[in-house]
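Colleague: Before I use this model at the bench, I should like to understand the reasoning behind the terms applied to it. May I ask for each label to be set against its criterion?

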Amino acid sequence: MKSSAQPAESAAEDRASSRDALLAAASDLMRARDTLVVPISDIAAKAGVNSALVKYYFGNKSGLMRALLERDLSVAITQLSELVEMDMRPTTKMRYHLSGLIKMYFKHPYLQRLLTATMRDETEEVASFLAQAYIKPIHVAYERMIREGVEAGEFQPIDHKFFYFCAIGACDQIFSSRYVLKYIHGVDEIDDDLRRLYIDQAIALIMGGLQIRA
């Protein structure tokens, strides 16, 4: 005789699968269309589920977008926290971080735009939560990495709060402004080769301003 727990486990797996499918569909569509404006009906159709499930799992489209931010940013924050604790030279650590940041935006080019728009358009409570959960840890990490770099004689004593805007802006801009590549340089898609070239140049520029000049 089959256990009664099996149908319940199967139903739970189906729910998780549908929820994940909606998040993946929203992510894929925003990346492909290079916009945050994607109808719920399109997201549901791509996920292969009824659009009513958006309300069931997330409350509304805003809830879906917040869940997507949580899915993508939680991983990034965890990885940054782990990197900060690694035993390596401050210069090497920062290079790893900047490279990883660009790779993240390459995978999720909508991410910084979505975070900014959500904090701007949602309630102050939601904006404060997002700032504390996903932005403050980056500032804390930058403060520590820069301080350790200064102590090691590798970095200049720059203000970590300004470094946040310089680093995030430089690493994200090519992805959030892809239309510049398209209409000015005739580049329709950022592929792996272009990503690697951008990583090299962005890191050279950022580290050039951060490191002690010989």
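Modeller: Let us begin with a criterion: a polar contact is a pair of N or O atoms within 3.5 Å, where one must be able to donate a hydrogen and the other to accept it. Please keep in mind that this is a predicted model.

Colleague: What makes the approach of the side chain of Thr-78 to the backbone oxygen of Ser-74 a polar contact?

Modeller: The side chain of Thr-78 comes to 3.0 Å from the backbone oxygen of Ser-74. The cut-off is 3.5 Å, so this pair qualifies as a polar contact. Thr-78 itself lies in helix α4.

Colleague: Why is Thr-78 called partly exposed?

Modeller: Its relative accessibility is 43%. Buried would require a value under 20% and exposed one over 50%, so Thr-78 falls in between. As for its position in space, the C-alpha atoms of Thr-78 and Pro-137 are separated by 9.5 Å, with the two positions 59 residues apart along the chain.

Colleague: What is the overall make-up of the protein chain in secondary structure?

Modeller: The protein chain has 10 helices and 0 strands. Read from the N terminus, the order is α-α-α-α-α-α-α-α-α-α. The C-alpha atoms occupy a box of roughly 70 × 45 × 40 Å along the principal axes, and buried residues account for 39% of the 214 residues.

Colleague: How do you know that contacts in the protein chain join residues at least 24 apart in sequence?

Modeller: A contact requires heavy atoms within 4.5 Å. Of the contacts between residues at least 6 apart in sequence, 71% join residues at least 24 apart.

Colleague: Which residues of the largest nonpolar core touch the most other members?

Modeller: That core has 60 residues, and Leu-22, Ile-43, Met-94 and Tyr-142 touch the most other members. Helix α4 (residues 61-85) gives the most to this core, with 10 residues. In soluble globular proteins, nonpolar side chains tend to be buried together. Beyond its neighbours within four places in sequence, Leu-22 is in contact with residues including Ile-43, Leu-53, Phe-58 and Leu-64.

Colleague: Why is Met-94 called buried?

Modeller: The relative accessible area of Met-94 is 0%, and the limit for buried is under 20%, so the label follows. Met-94 belongs to helix α5 (residues 90-107). Outside its neighbours within four places in sequence, Met-94 is in contact with Met-145, Ile-146, Phe-155, Phe-163, Met-207 and Leu-210.

Colleague: Why does Arg-178 count as buried?

Modeller: Arg-178 has 18% relative accessibility; the cut-off is 20%, and Arg-178 is therefore counted as buried. Arg-178 lies in helix α9 (residues 178-185), and its side chain reaches the backbone oxygen of Arg-31 at 2.8 Å. Apart from neighbours within four places in sequence, Arg-178 is in contact with Arg-31, Asp-34, Pro-109 and Ile-190.

Colleague: Is Asp-34 buried, partly exposed or exposed?

Modeller: Asp-34 has a relative accessible area of 24%, which is not under 20% and not over 50%, so Asp-34 is partly exposed. Asp-34 sits in the loop between α1 (5-33) and α2 (40-47). Although not a glycine, Asp-34 has a positive phi of about 55 degrees.

Colleague: What makes the pairing of Gln-112 with Tyr-105 a polar contact?

Modeller: The side chains of Gln-112 and Tyr-105 approach to 3.0 Å, and the limit is 3.5 Å. Gln-112, in helix α6 (residues 111-121), has 16% relative accessibility, under the 20% limit, and so counts as buried. Setting aside neighbours within four places in sequence, Gln-112 is in contact with Tyr-105, Tyr-164, Ile-168 and Asp-172.

Colleague: Why is Gly-208 called partly exposed?

Modeller: Its relative accessible area is 35%, between the 20% and 50% limits, so Gly-208 is partly exposed. Gly-208 is placed in helix α10 (residues 192-210). Gly-208 and Phe-155 are 53 residues apart in sequence, with their C-alpha atoms 9.8 Å apart in space.

Colleague: How many charged side chains, positive and negative, does the protein chain have?

Modeller: The protein chain has 26 positive and 28 negative side chains, and the centres of the two sets lie 2 Å apart. The accessible surface is about 12,300 Å², with 54% belonging to carbon and sulfur atoms.

Notes. Residues are numbered from 1 along each chain as its sequence is written. This is a predicted model: local features need pLDDT of at least 70, side-chain atom pairs count only at pLDDT 80 or more; totals for chains, interfaces and linings use all residues. Side-chain values use heavy atoms; hydrogens and water are left out. Helices (H or I, at least four residues) and strands (E, at least two) are DSSP runs, numbered from the N terminus. Buried means under 20% relative accessible area, exposed over 50%, partly exposed in between (1.4 Å probe, protein chains only). Accessible areas come from the Shrake-Rupley method with a 1.4 Å probe; for residues, only the protein chains shown count as cover. Lys and Arg count as positive and Asp and Glu as negative; His and the chain ends are not counted. The place of a charge is taken as NZ of Lys, CZ of Arg, CG of Asp or CD of Glu. A nonpolar core is a set of buried Ala, Val, Leu, Ile, Met, Phe, Trp, Tyr and Cys residues joined through side-chain atoms within 4.5 Å.
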